[in-house]
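Trainee: I should like to understand how the terms used for a binding site are justified. May I ask about them one at a time?

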Amino acid sequence: MERLQKVIANSGYTSRRHAEILIKEGKVKVNGKIVKELGTKVNINDEIEVEGNSLAKKEDKVYFLLNKPREVISSASDKKGRKTVVSLINTDKRIYPIGRLDYDTTGLLLLTNDGELTNILMHPKNEVPKTYVAKIEGNLSPKEFYSLKKGLIIENRKVIPNYVKVRKSIQDKYDIVEITIVEGRNHIIKKIFESLHHSVIKLKRQSYAFLTLDNLKSGEYRELSIKEVKKLYSLHK
Ligand code: URA
């Protein structure tokens with residue numbers, strides 16, 4: 001049995017605080033009846049409806065691994081009418097991406113309707129590693145490479161990569177750098193290289209935790225297996 005507001009928040013529908021407001025306002029039903037008491041305990045068999053929307057139960061959860069193309073936005077909808085990652089996936093579930101990749105970034109993006117897993121993967125304490133391949137303008141000097149390896153202060157917080165390797169270096173043109181970080185801040189890879197005065201020309205995420213793109217082509221996706229979902233849950237510290 002869990003508290004109603006926690007179950008609503010864990011579903012990803014809204015924050016716990018907002019769930020409490022909705023409960024007090026009489027916008028939440030449990031098994032068809034309006035419930036206004038904040039401490040109400042519910043279990044997995046209870047039908048919960050918030051503002052007329054029924055909350056997905058565990059068995060209705062879906063998990064997709066997408067190879068995100070360029071020029072697609074990492075959200076469920078876009079005011080400017082740009083193509084969204086959600087529109088690339090054929091499902092009737094209300095899914096959303098776990099974190100973001102920039103409009104011009106490609107690669108591995110997870111999408112789900114499981115708020116509890118989203119919270120686990122997004123929480124900094126769980127330190128989920130993400131590996132990117134960045135094509136950067138110019139070449140990293142040995143000094144720059146060393147300071148990158150040691151860690152850089154980006155907007156008052158230090159980022160120490162778990163792994164960095166220059167995969168390819170074309171003199172006076174560009175470097176291809178593989179970098180693994182556990183950070184999730186927006187634009188973090190671009191900010192890292194910009195702090196070293198190299199702009200990122202191309203960026204791809206090639207792995208997320210133990211998941212890789214395998215043979216998925218740009219725009220293709222697959223569902224995660226139950227084993228993979230359980231393994232992602234086990235990243236909870
Ligand atoms: N870092 C970035 O700069 N962009 C992304 O899309 C992901 C990480």
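Trainee: Which helix gives the largest share of the shell around the ligand?

Mentor: This is a predicted model. In it, helix α5, residues 188–195, supplies three residues of that shell, the largest share.

Trainee: What makes a residue part of the surroundings of the ligand?

Mentor: A residue counts if one of its heavy atoms lies within 4 Å of the ligand. The residues found around the ligand are Leu101, Asp102, Thr105, Tyr132, His187, Ile188, Ile189, Lys190 and Leu203. By class, five of the shell residues are nonpolar, two are polar and two are charged.

Trainee: Why is the pair formed by aspartate 102 and the ligand called a polar contact?

Mentor: A backbone N or O atom of aspartate 102 is 2.7 Å from an oxygen atom of the ligand. The limit for such a pair of N or O atoms is 3.5 Å, so the pair qualifies. For histidine 187, a polar backbone atom lies 3.2 Å from a ligand oxygen atom. For isoleucine 188, a backbone N or O atom is 3.4 Å from a nitrogen atom of the ligand. Both pairs therefore also meet the limit of 3.5 Å.

Trainee: How much of the ligand does the protein bury?

Mentor: The ligand taken alone exposes 240 Å², and the protein buries 97% of that area. The ligand sits in the largest pocket.

Trainee: Which domains each give at least three residues to the shell?

Mentor: They are domain 2 (63–124 + 216–233) and domain 3 (129–208). The domain assignment also gives domain 1 (2–54), and 43 Å separate the C-alpha centres of domain 1 and domain 3.

Key: Residues numbered from 1 in each chain as written. Predicted model: local features only at pLDDT ≥ 70, side-chain atom pairs only at ≥ 80, totals over all residues. Heavy atoms only, no water. Polar contact = N/O pair within 3.5 Å; in protein donor to acceptor, adjacent residues only side chain to side chain. Areas by Shrake-Rupley, 256 points an atom, 1.4 Å probe, with all protein chains shown as cover. 1 Å grid on protein atoms, 1.4 Å probe; cavity = no way out; pocket = protein on both sides within 12 Å on 5 of 7 lines; lining within 4 Å. Sits in = over half its atoms within 2 Å of the grid points. Helix = DSSP H or I, 4+ residues; strand = E, 2+ residues; numbered from the N terminus. Nonpolar A, V, L, I, M, F, W, Y, C, P; charged D, E, K, R; others polar. Domains from an automatic or database assignment.
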